[in-house]
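Take a look at the fold below before reading on. We'll walk through it piece by piece, from the inside to the salt bridges.

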Amino acid sequence: MFLDVQQAVVERRLTMSAPDYVGYLSTVSAYLQLPQSKRQQAYDAITRVLPQRVEIAADIIAHLARRRSE
């Protein structure tokens, strides 16, 4: 359906504190769907096993293409 498809990757590596990482997780829909008590249990369990600093890959992937004419 598309022509001249191009992909660009902007590599991003972030380091954040464990509390900031759990704060980030609180924006993820998979956690937001949990009942509040289960959500807090999950955050607590994650916090117990995280190092003080968390490194994450936060790459941005962009695609550019032209729609094929019919």
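What follows is a tour of the core, the aromatic pairs, the surface patch and the charged pairs.

One thing to keep in mind: this is a predicted model. Let's start on the inside. In general, nonpolar side chains tend to be buried together in soluble globular proteins. Here the largest nonpolar core has 8 residues, namely M16, Y21, V22, L25, Y43, I46, V54 and I56. Helix 1, helix 3 and strand 3 (53-57) each put in at least two of these residues, and helix 1 has the largest share, with 3 residues.

Pick out I46 from that set and see what it touches. Once the neighbours within four places in sequence are set aside, I46 is in contact with V22, L25 and Y31. S17 makes another good stop: it sits in strand 2 (residues 13-17) and is buried, at a relative accessible area of 17%. With neighbours within four places left out again, S17 is in contact with Q52 and R53.

Now for the aromatics. A pair of aromatic rings is described by how far apart the centres are and by the angle of the planes. The count for this model is 2 aromatic pairs. In the pair of Y21 and Y24, the ring centres are 5.9 Å apart and the planes are at 40°, so this pair is tilted. That angle falls between the limits, since stacked needs planes under 30 degrees apart and edge-to-face needs over 60. Y21 and Y24 are 3 residues apart in helix 1 (residues 18-25), so about one helical turn separates them. How accessible is each partner? Y21 is buried, with a relative accessible area of 18%, while Y24 is partly exposed at 42%.

The other pair is Y31 with Y43, where the centres are 5.7 Å apart and the planes again at 40°, so it is tilted too. This pair links distant parts of the chain: Y31 is in helix 2 (residues 29-32) and Y43 in helix 3 (residues 36-49), 12 residues apart. Y31 counts as partly exposed at 22% relative accessibility, whereas Y43, at 8%, counts as buried.

Moving to the surface, M1, F2 and V5 make a nonpolar patch of about 370 Å². F2 belongs to strand 1 (residues 2-10) and is partly exposed, with a relative accessible area of 46%.

That leaves the charges. Side chains of opposite charge can pair when their charged atoms come close. Searching the whole structure turns up 2 salt bridges. In one of them D4 pairs with R66, and the closest N and O atoms are 2.6 Å apart. Since D4 lies in strand 1 and R66 in strand 4 (residues 60-67), the bridge ties together parts that are 62 residues apart in sequence. Both ends are partly exposed: D4 has a relative accessible area of 49%, and R66 comes in at 48%.

R13 and D59 form a salt bridge as well, with an N to O distance of 2.4 Å. It too joins distant parts of the chain, with R13 in strand 2 and D59 in the loop between strand 3 and strand 4, 46 residues apart. R13 counts as exposed at 52% relative accessibility, because exposed means over 50%. Its partner D59 is partly exposed, at 34%.

Methods. Residues numbered from 1 in each chain as written. Predicted model: local features only at pLDDT ≥ 70, side-chain atom pairs only at ≥ 80, totals over all residues. Heavy atoms only, no water. Phe/Tyr/Trp six-rings, centres within 6.5 Å; stacked < 30°, edge-to-face > 60°. Helix = DSSP H or I, 4+ residues; strand = E, 2+ residues; numbered from the N terminus. Buried < 20%, exposed > 50% of the residue type's maximum accessible area, 1.4 Å probe, protein only. Patch = residues over 30% accessible without salt bridge, like charges linked within 9 Å, V, L, I, M, F, W, Y side chains within 5 Å. Areas by Shrake-Rupley, 256 points an atom, 1.4 Å probe, with all protein chains shown as cover. Salt bridge = Lys/Arg side-chain N within 4 Å of Asp/Glu carboxyl O. Core = buried A, V, L, I, M, F, W, Y, C linked by side-chain atoms within 4.5 Å. Contact = heavy atoms within 4.5 Å.
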